Structure formats: structure tokens, C-alpha cells
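Trainee: Could you take me through one part of this model closely, namely the sheet and what lies around it? I would like one connected account rather than a list.

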Amino acid sequence: MKHVRAEEPTSIAKIIRERRTIRSFTNEPVTQELIIDLLNDAVWAPTHGLRQPWRFLFVSTDEKERFIEYLLQAFPNDQQDKMRTYFHAQASAFLIVIMSEDPRPKQWEEDFAASAAMIQNFQLLAWERKLGVVWKTNNHNWDPKVRQLLGVKPGEKIVGFLHLGFFDSEQIPEPKPRTPAEEKLTLFENLKP
């Protein structure tokens, strides 16, 4: 039976299709209260064994300057100006997602998948509130100096720096096309034994 898509997608389908990575933000501050509100819904992501492997480090708009200067200690002197400019331009606030790294491969993959699902929940919830999110996995996520400064313990992984900021609706980029699922789908009945 062929599935026919409804003319009007449901609100969740609409949000999934409309969400974009935003790189230009307004001056409106991002507050702890908003982030806690979003996270309390985002953590309802599927998580194997209810392990909930994540924890968070939030840098509000009010603390952004101090955070950037603090983080620059991890970078060589000749890179500090470049990184200062990068962090200033990239966000109004930051949410760093850290997960426990289970030494068992199956559990590690389950926990990483749960953390990614939680981040996607967060991105969609933020979009509803006109809060833009960019999920960054830059090299400094693995830098021992950055990890130490951020209190990342042995047995933990930085899943990503989420760069946050409110956006102007007129600045939303056009969607980039996605490959239709039908082009990526194999039916079991068509597998050659």
C-alpha cells in the first residue's frame, strides 16, 4: 500500500521541516530559565535502560564574555585572537552537552544515540521559541585543556557545543533539499538471498 502524505503536515512534522541551523542572532539574551525549561522537555528523549547519560554546562548571554576569556587559556597565544573572534561571532550563549562514556561498546552507542536524540529534541523545542541552535563538534571538544577547563571528567565525552541565540524570522535560510526516503529504502522482499 502506498502512503499518501496529508496536504498539511502535523505541527511536529512542520517544525521538523522548518528548523534550520541559524548563524545570525539578535541581541536578546538567552537565560538560564529558558534553557532549563527547554531541557526539561528535551530529556524525554528515548534512553536505553533510562540511563540518561547526559549532563549540561550552560553559559548565559551575561556570562559569555567571561566564558570566552576563560576558555582562551586552552589555546596557543597565536590562536587566541582568532578563537575570541570565532566565539563572539558564533552565539549569544552556549550549552555544552556532556555524556558519560560507558566502556561497553553497545551501551556507549546507545548512550550516544540517546544524547543525539535529546539534542534534536532541544533543537526542535528551541525552534518553537525562535531560539536558534548550531550543534558544533569542533576539534576543541577533544582538547584535554578545554576538557579540563570545562570540568569534563575521565569517562565523559563532549557531545557538542550548542551555539544559541534568538533569530529574526527574516534571516531564516532557505531549506536545502533532502533525498526522498524512497531513494534510500530497501524492501526486504527485494533482497537477493
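Mentor: Strand 2 and strand 4 run antiparallel and are joined by eight bridges, in a model that is predicted. Two of the facing positions can be picked out along this pairing: Ile98 stands opposite Ile158 of strand 4, and Val97 stands opposite Gly160, also of strand 4. On another side of the pairing scheme, six bridges join strand 3 to strand 4, again with the two strands antiparallel, and here Val133 has Leu164 of strand 4 as its bridge partner.

Taken as a whole, the sheet is an open one of four strands in the order 1-2-4-3, with antiparallel pairing. Its edges are strand 1 (54-59) and strand 3, each of which pairs on one side only, and from one strand to the next the twist averages 25°. Strand 4 deserves a separate remark, because eleven of its eleven residues are buried, so that this strand is largely enclosed by the rest of the structure.

Part of the surroundings is helix 4, which spans residues 77-90 and, with 14 residues, reaches 20 Å from its first C-alpha to its last, close to the 20 Å expected at 1.5 Å a residue. The residues that helix 4 buries are Gln80, Met83, Phe87 and Gln90. An α-helix has 3.6 residues a turn, so residues three or four places apart point the same way. The cover over the buried residues of helix 4 includes strand 2 (93-100), strand 3 (131-136) and strand 4 (156-166) from the sheet, together with helix 3 (64-71).

Lys136 links these two topics, since this residue lies in strand 3 and has Gln90, one of the buried residues of helix 4, among its contacts. Beyond four places in sequence, the residues that Lys136 touches also include Arg23, Tyr86 and Asn141, as well as Gly160, Phe161 and His163. Lys136 is buried and yet has no salt bridge, the nearest side chain of opposite charge being that of Asp143, 17 Å away.

A second buried charge without a salt bridge is Arg147, which is found in helix 6 (residues 144-149). For Arg147 the nearest side chain of opposite charge belongs to Glu101, at 5.4 Å, where a salt bridge would need a side-chain nitrogen within 4 Å of a carboxyl oxygen. Leaving aside neighbours within four places in sequence, Arg147 is in contact with Glu156, Lys157 and Ile158, and its other contacts are Asn141, Trp142, Val152, Lys153 and Pro154. Ile158 has already appeared above, as the residue of strand 4 that Ile98 stands opposite.

Finally, the loops that precede the two edge strands each contain a backbone feature to check. Most residues other than glycine have a negative phi. Gln52, in the loop between helix 2 (32-42) and strand 1, has a positive phi of about 45° although it is not a glycine. Lys130, in the loop between helix 5 (105-128) and strand 3, likewise is not a glycine and has a positive phi, of about 60°. As for their surroundings, Gln52 is partly exposed, with a relative accessible area of 37%, and Lys130 is also partly exposed, with a relative accessible area of 43%.

How values were computed: Residues are numbered from 1 along each chain as its sequence is written. This is a predicted model: local features need pLDDT of at least 70, side-chain atom pairs count only at pLDDT 80 or more; totals for chains, interfaces and linings use all residues. Side-chain values use heavy atoms; hydrogens and water are left out. The expected span of a helix is 1.5 Å times one less than its number of residues. Buried means under 20% relative accessible area, exposed over 50%, partly exposed in between (1.4 Å probe, protein chains only). Contact means heavy atoms within 4.5 Å. Lys and Arg count as positive and Asp and Glu as negative; His and the chain ends are not counted. Two strands pair if DSSP finds at least two bridges between them. Axes are lines fitted to C-alpha atoms, for helices over the stretch in contact, and angles run from 0 to 180 degrees between N-to-C directions.
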